[in-house]
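Morning, everyone. I have one model to walk you through today. Let's put it on the screen.

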Amino acid sequence: MSGKPTNDIRPTMRRLGICVVVPTYNNDGTLRDVLERLLSLASDIIVVNDGSTDSTADLLDRFKDRITVVTHTRNRGKGHALRTGFRTARSLGYRYAVTIDSDGQHYPEDLPGFVRAIAEYPGALVVGKRDLTDVDINGKSSFANKFSNFWFHVQTGRRLDDTQTGYRAYPLDRLHGLGLLTSRYEAELELLVFSAWGGVPIEQIPIRVYYPPQSERVSHFRPVPDFTRISILNTLLCGGAILYGVPSRIIHAVADKRIFNREFRRFTLKKDIRKEAASTLGRITRSIYGISYFTFWSAAVLSPLSSLYFKIFPATEERKLKLHRLLCWSCRRFTKRFPGATTRIDNPTGESFERPALIICNHQSHLDLPILISVHPKLIFLTNDWVWNNKTYGTLIHNAEYLPVSAGIDAIMPQLRDLRDRGYSIVVFPEGTRSADCSILRFHQGAFLLARELGMDIVPMTLHGAGHYLPKEDFMFRRGVLTLRILPRVPYDPSNTMTLREEASHYRRMIREEYARIVTEVEDADYFESFVRYKYAWRGWQTVSRAKRTLRELRKMRPLIADGKKYRRVRIINSGLGTFAMLYALVNKETEIYAYERYWDDHLASYLTGGMPANLHFIHPIWEEDFGTDEDFDLTIHLDSEEEVLEHNLIKLKLKS
């Protein structure tokens with residue numbers, strides 16, 4: 001979160017369309033100081049002289065070159081002065097008005113806090129919350145504030161700590177009931193109530209307050225008539241709350257999607273940590289189908305069938321091969337039916353496995369085994385203990401003559417030689433385990449010692465997408481494209497002088513390079529769209545609908561996203577929930593993405609998204625210097641722009657993220 005501005009807040013106020021409105025009536029003793037302190041911070045100031053009879057007009061004349069002055073010929077009350085100030089601000093093109101009293105009780109130096117709040121909560125009405133703990137305030141004023149706070153809660157269902165302060169920031173295009181305002185102090189309470197009924201968010205920020213000694217104060221508050229008028233107003237507002245306020249709040253809650261806007265944490269969190277991808281109903285359904293399909297065929301059909309088969313008939317070579325062909329056929333059917341996924345096997349050299357070989361492949365998920373089994377019937381796998389002892393399909397892999405690595409190479413070497421001589425290829429995962437992020441881990445040397453001992457060619461394979469479709473730390477299927485690429489066979493060379501470590505590093509590098517080529521070919525915006533959607537699922541009606549809308553619009557911008565690979569550092573301004581930035585970063589992994597979002601709730605939603613790419617940085621800027629300079633970035637992308645611009649280092653899009 002950004003700190004205080006290092007220079008001044010004027011550029012930010014102009015960018016956000018913020019002015020300061022100062023209603024005044026006979027406060028010439030404090031007005032000069034208030035204006036001078038305001039002018040040291042801001043340049044856009046509107047003063048409404050509400051018929052002052054002291055020297056206020058002469059004082060304002062000295063500031064006429066630096067402020068805008070509107071004068072009432074007679075005193076019409078604070079409510080009328082505020083209405084005049086708001087209408088003047090609107091006519092001058094401002095979007096927000098910060099109101100501050102002219103009696104010196106408010107600190108102009110607190111203005112940056114309102115500017116920050118406007119930036120963080122666009123469209124909200126921001127109320128200054130005074131700390132009255134150690135302030136010399138009379139009992140009548142204290143009672144009036146508590147009285148007002150109580151009735152505001154009754155009339156709107158919302159709670160505020162300070163409904164009587166005049167230090168506020170109003171969103172001018174979302175003000176409600178201006179034409180109904182009464183003319184005096186109670187107008188500020190009316191503005192709060194009407195705004196709450198109209199669905200306007202109301203935020204509070206702490207402010208300081210100064211009250212001079214009781215004997216020096218100038219007050220225009222008249223206890224008896226003013227309390228009487230406020231009581232009558234509250235009675236009318238309570239009636240209005242029943243007839244209009246409650247129905248209006250319900251309508252706005254539905255329209256703003258607030259009723260179901262809470263996160264369904266059961267689907268998005270695991271042990272209070274946000275999941276990389278939420279558990280959607282689609283994922284749950286696909287997982288139940290996929291796991292049931294696999295379990296049924298392996299546990300209920302193939303395992304008992306193979307056991308019965310070899311109990312009834314002798315385990316001849318031909319019958320063993322029939323079992324392998326049945327396994328290969330069933331795995332081809334299974335891989336073609338991965339729910340929500342497409343599986344492709346690339347064999348550019350036409351490898352036939354007529355000659356047995358040692359097959360090495362990177363390890364990605366539990367689905368690696370069925371994908372590789374589907375390649376050819378005569379494959380034997382060296383498995384870990386978890387697979388070997390698996391209750392679902394353990395019997396099946398025993399009958400298929402797969403072997404456990406934990407038994408030791410020396411112990412299983414005679415069986416491996418026998419399998420080789422019978423024309424079977426041996427499949428090994430040299431990593432031994434899977435990485436959580438699909439990166440290819442260090443290769444162990446045992447696989448290459450095995451190739452030398454058996455005198456076998458090596459066929460490298462590269463697997464991509466299985467770890468995204470079924471991640472290591474997640475047991476629910478996503479959507480995806482699964483690719484297995486068979487690389488050219490490397491003949492056995494008895495004169496090979498490489499050490500086992502060098503050979504392991506050589507083949508790891510080979511498979512990593514091929515993996516990088518597959519990433520370039522496959523991992524585009526279409527590949528990651530569903531993954532990004534999972535990141536925003538179940539996080540509230542409004543968040544989900546915004547993310548889906550952005551992803552739909554982004555389908556027309558695929559070339560722009562793919563073009564990001566040309567840049568080293570990219571800045572995204574108005575990144576919203578981060579949907580566009582997330583997709584852009586996933587596709588362009590070598591590009592550093594800096595996503596700037598002023599709106600605090602949106603920034604928080606994006607920042608707290610699970611499984612952020614390492615090259616994506618969410619930043620919450622307020623002041624101009626927080627954004628860096630154009631020279632710091634190769635490309636700047638503005639979202640939610642009023643115009644479309646496509647230049648070599650600047651892109652403006654109307655996309656709302």
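Start with a pair of helices. The crossing of α15 and α16 is right-handed. Keep in mind that this is a predicted model. In sequence, α15 covers residues 409–421 and α16 covers residues 446–454. Their axes lie 11 Å apart. The packing angle is about 50 degrees. That value makes α15 oblique to α16.

Next, the sheet. How many strands does the open sheet have, and in what order? There are seven, running β3-β2-β1-β4-β6-β5-β7. The pairing is mixed. Strands in a sheet pair through backbone hydrogen bonds, and the pairing can be parallel or antiparallel.

Look at the two ends. β3, residues 68–72, is at an edge, and so is β7, residues 202–207. Each of these strands has a single partner, so one side of each has no neighbour in the sheet. From one strand to the next, the twist averages 25 degrees.

Now move inward, to β1 and β4. β1 takes in residues 18–24, and β4 takes in residues 96–99. The two strands run parallel, joined by four bridges. If you want a spot to zoom in on, take V21, which stands opposite T99 in β4.

On to empty space. Rolling a probe the size of a water molecule over the atoms shows where such space is left. The largest pocket holds about 2000 Å³. Which residues lie nearest its centre? They are P122, R546, E597, Y599 and D602, out of a lining of 50 residues.

Four elements each give two or more residues to that lining: α1 (10–16), α5 (111–120), α20 (541–554) and α23 (600–607). Of the elements, α20 gives the most, with five residues.

What about the chemistry of the pocket lining? By class, 22 of its residues are charged, 17 are nonpolar and eleven are polar.

Last stop, the enclosed space. The structure has one cavity of 30 Å³ or more. The volume of the largest cavity is about 30 Å³. Its lining includes T268, R274, K275, A277 and A278. Also in that lining are Y534, K535, A537 and R539. By class, the cavity lining splits into four nonpolar, four charged and one polar residue.

To recap. We have an oblique helix pair, α15 and α16. We have an open sheet of seven strands. And we have a largest pocket of about 2000 Å³, with α20 giving five residues to the lining. That's it from me.

How values were computed: Residues are numbered from 1 along each chain as its sequence is written. This is a predicted model: local features need pLDDT of at least 70, side-chain atom pairs count only at pLDDT 80 or more; totals for chains, interfaces and linings use all residues. Side-chain values use heavy atoms; hydrogens and water are left out. On a 1 Å grid over the protein atoms alone, a cavity is a set of points where a 1.4 Å probe fits but cannot get out, and a pocket is an open set with protein on both sides within 12 Å along at least five of seven lines; lining residues have an atom within 4 Å of a point. Grid points are joined across faces, edges and corners, and a volume is the space filled by probe spheres set on the points. Ala, Val, Leu, Ile, Met, Phe, Trp, Tyr, Cys and Pro count as nonpolar, Asp, Glu, Lys and Arg as charged, and the others, Gly among them, as polar. Two strands pair if DSSP finds at least two bridges between them. Axes are lines fitted to C-alpha atoms, for helices over the stretch in contact, and angles run from 0 to 180 degrees between N-to-C directions. Angles under 35 degrees count as roughly parallel, over 145 as roughly antiparallel, 65 to 115 as roughly perpendicular and the rest as oblique. A crossing is left-handed if the near helix is turned anticlockwise from the far one by less than a right angle, and right-handed if clockwise.
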